[in-house]
Amino acid sequence: MLYNNSLIKGPAQARTIGFPVQIAFDPTMGEYFVSTDAGMVVAVNASTHTLGPTIHVGALPQGVSFDPQRGDIYVANSWSSNVSVISQSWNQVVATVPVQASPRGLLFDPAKDQTYVADSGTHNVTIIADANNTAVAIVHVGQTPVALALDAARSQIFVANQASFNVSVVSETSNQVVASVAVGYQPDGLAFDPSTGLLYVENYGSNDISVISDTSDSVVATISGIPSPGVAVVLPSLHDLFVADSASNTLTVVNLTTDSSAGSLTVGSMPSGMAMDANGSELMVADSNSGILSLVAPSSRQAVGEVTLAAAPEESTYDPLSGDLWVADTRTGEVKVISNTTDRVTATITTGLSPSSIAWDPVLNEMLVSNYVSGTLSVISASSYRVLATVPVGTNPNGVASDPGLGEAFVVNFGSSNVSVVSLSTDSVIATIPVGTYPYKATFDGRTDDVFVTNSGSSNVSVISATTLKVITSISVGSTPFGAVYDPAKGEVFIANYLSNNLSIISDTLLQVVGTLAVGLGPEALAYDAGEGLVVSLNYGSENLSFVSDSSNTVVYTVNSTGDYGISYGPGDGVLYVSDFWGGAIDIYDVPCTACVLSFAESGLPSGTAWSVSSGGFSRSSTTPLIAYESSGGSYLFSVRNITGYLPSPASGTVVISGLPVRVPLLFSPIVLTPLSVTLTVNSTNPLVGSPVTLASTIAGGRTPYSCIWSLNGTNSSQTGCGSQSTFWAHPGAYTYRLWVTDTTPQTAESNAVTITVTALGSPVPIQLVAFANATAFTGALGTNCYGNAWDFNDTFSGNARGGEPHYTFVWVFGDGTPNSLAQNVTHGFSGPGNFLVSLRVADERGAVAYANLTIVVVSPIATSCPPAGQQNRTGGGTTLLGPSPVTTLVLLSSVVGGVVVLLAVVMRLIRHRKRAQTKQAPEALSSDPPITEPPKAS
């Protein structure tokens, strides 16, 4: 079904929707959602990398986030100061939420069912309740908040404040700032690693990354030498951080084990946004300068492909023989051929620089393309898609008209104020005809063999005789004439006067203006529909299309349009093709049939309630009782969107339009719903490794159909659907399942938790995780002052582990107030005497944890004279025996048997000629874990 004011063939246009800005990933549908600077959001299939629906949102959209519980996409519109909510099911905006000035960053928290918006034009973060798409709170943070990150374990939000050079820590419980952490210059991006509790702050102005610990809310490290860091994505499984260099074409990879650069790769020319797919196998990078999406394989740290979005179509023309549309893409220097059957680009032909206008010669079946910057005319075969000739013409050719009878092309040269006449038999210029100032476009009158040229600088039209190749007259029209089109049925030429906001109508026999018709603001391009007898004016200033009847010379219909520069009509399919230059799209519209109106009349809803009807893949919404579509006649399907608490009748159906208006009455009846509930059961709670287990769900109440999300150990599971699930496990451990169910009202219910304990074959206990910690003392010379550095004691600490589920992560705490170390092996010096409890925490892939402790003794020097050279004792006092370095070893075994924790500690300390301190210093806590003193006894 073809509707006015609607893109009716989205896939063809989805290839050119503007420049990408930010990206969000939808794991439920396997799609990326990309915001573009043209005020659109486009879906990209993560498997096939093909483009899906394109949805218009607000002005200059920035951040994008996804709510998997409702299937909604949230888009921050920076220039509109609002957030668009897109329904994934309807592929349209279903709500617009006003926020503070210039929203930029977005973040969704599933635990709170809230979206957080960084309002960069203020000092605020706006909190939106996703249940009703309403702003429910405002949190005052630092200056120019631009990026957000979620710490789900601590229920807090991090906010990067670009102008105050700090990060605000916001409690989700109180909606208050609980800490403010100073970072580098101009923080522009945030990436949080939940496996370590570390936040990585990309400081654009100081070319470094601040590392913040969520346990202390303080900077624990700074990674230097990262050029212009902007957005970033952390991949815990590879211990990598991918950072976009927003001032160049590189992506820097930071190894989080060493906190140093691990290389870079080239992506586009100005990366501005990134998103990772669900399993971490692909990273998509938005390039806001080149208009492409780069595809990166994180495992190999290589760019593996790209998806093209941006283009700048200026004009198009229709080929009636093939039914194809030819589009001049001025940005890429190409002409794209779009199939009328598949609505896909079937050919791309390289022309000169900045192709601007296209004309078709039906006798030779050739396309004539004027190249504005190159100053040439490209002659292309419409059957073989080959460039047959490139003919130099005047300066800045901006328009072209074809005379098929004489086999000539008239090329309008904007920069040289003349017209080049090209013979298509010799592919050469045979005449150059001076016209008015800044000629813009031309149209050919086959009845009189005249060419009408609009002169935008002199506000007149030059009429050239195609027989004599001379100007026979000049006709004054409105101010700044741009577009021109010939109406053979009336023998009239219509001229679009850009600054007069009207059309001049010229008789081709009288060669004078016989009428003036007011249209929208800034008319600049015209097309003619012979079947309906309509002249269509593209009005750039008022963003609409005026449909003018050539029998009455009156505007009979107006529809909205964001198009500019070019418009053409396809007589084969009866639609208009409108070039959206800034949006990078070709918008396709149906020519209206004023008698073929399909309307829907609502009753039963409270006054002012929003409701929607969809037909032919397009939807309209209203808060009034009537929704109307203008159709082209025929048989159409329709469906009515559900309204909470009401049941529409009919909810769907078929309607036939045959030249007369049709109205469909819709009755919304109140419905009474029982509460939604879900119960989860399992046929075995203690299976062995590899044994199948069935999870059964029982859902009651609400209104079908249901949508379900399975949770495994607190995160989304790979299980899909709402019915019973059969699964098994390859590793022992405890697995806790829950099920969230949402109906169409929408109500959401959470099931009970079901825990399944999987044990290894032939073993009653899970695999044990064992941690090892070693320290090798350094016994070197002290220099000229034998005790002056006695407290500068150095140990080389090494950690290891066995059992559990590799790979392992390590955290060292030295007990002297210095920052923790995340390296497996580290050298550490103590700055004073005392007993220091050094703790090692090891975690495996499944989250099992084991600990190991070491006690290091540093003693003050109490010598009265220096011993002979080479025999100094670092710990001071006594006699030094030269020999092997002392070694400290501790092994801690942790396992679970029948729910009882068993810890076995073996501590061995070899201290050679050291004096122990008489008092012990209290050990410090290890990260977020409880303090470690002596290992507990085995039970």
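The legends below describe several close-up views of one predicted model.

Residues are numbered from 1 along each chain as its sequence is written. In this predicted model, local features need pLDDT of at least 70 and side-chain atom pairs count only at pLDDT 80 or more, while totals for chains, interfaces and linings use all residues, and side-chain values use heavy atoms, with hydrogens and water left out.

**View 1. The whole chain, with 1 helix and 79 strands.** Helices (H or I, at least four residues) and strands (E, at least two) are DSSP runs, numbered from the N terminus. Of the 939 residues of the chain, 54% count as buried, where buried means under 20% relative accessible area, exposed means over 50%, and partly exposed lies in between (1.4 Å probe, protein chains only). The chain exposes about 37,200 Å², an area that comes from the Shrake-Rupley method with a 1.4 Å probe, and for residues only the protein chains shown count as cover; carbon and sulfur atoms supply 53% of this exposed area. Among the contacts (heavy atoms within 4.5 Å) with a separation of 6 or more, 47% are accounted for by residues 24 or more positions apart.

**View 2. The surroundings of Asn 460 in strand 43.** Asn 460 belongs to strand 43, which covers residues 460–465, and its relative accessible area is 16%, so Asn 460 counts as buried. The side chain of Asn 460 makes polar contacts with the side chains of Asn 455, at 2.8 Å, and of Ser 458, at 2.9 Å. A polar contact is a pair of N or O atoms within 3.5 Å; within protein, one must be able to donate a hydrogen and the other to accept it, and residues adjacent in sequence count only if both atoms are side-chain atoms. Leaving aside neighbours within four places in sequence, the residues in contact with Asn 460 include Val 453, Ser 474, Ile 475 and Pro 481.

**View 3. The largest nonpolar core, with 21 residues.** A nonpolar core is a set of buried Ala, Val, Leu, Ile, Met, Phe, Trp, Tyr and Cys residues joined through side-chain atoms within 4.5 Å. In the largest core, Phe 797, Trp 812, Phe 830 and Val 838 touch the most other members. Strands that each supply at least two residues of this core include strand 73 (793–803), strand 76 (834–843) and strand 77 (849–858), and strand 77 gives the most, with 5 residues.

**View 4. An open sheet of 4 strands in the order 17-18-19-20.** The pairing in this sheet is antiparallel, and two strands pair if DSSP finds at least two bridges between them. The edge strands, each pairing on one side only, are strand 17 (187–193) and strand 20 (218–224). Strand 19 (residues 208–213) pairs with strand 20 in the antiparallel sense over 6 bridges, and Ile 209 stands opposite Ile 223 in strand 20.

**View 5. Backbone details in three loops, at Asp 259, Asn 396 and Pro 650.** Asp 259, in the loop between strand 23 (250–255) and strand 24 (260–266), has phi near 55°, a positive value in a residue other than glycine. Phi of Asn 396, in the loop between strand 36 (387–392) and strand 37 (397–403), is likewise positive, near 55°. Asp 259 is partly exposed, with a relative accessible area of 29%, and Asn 396 counts as partly exposed at 21% relative accessibility. Pro 650 lies in the loop between strand 61 (646–649) and strand 62 (652–657), and the peptide bond from Ser 649 to Pro 650 is cis, with omega near -5°.
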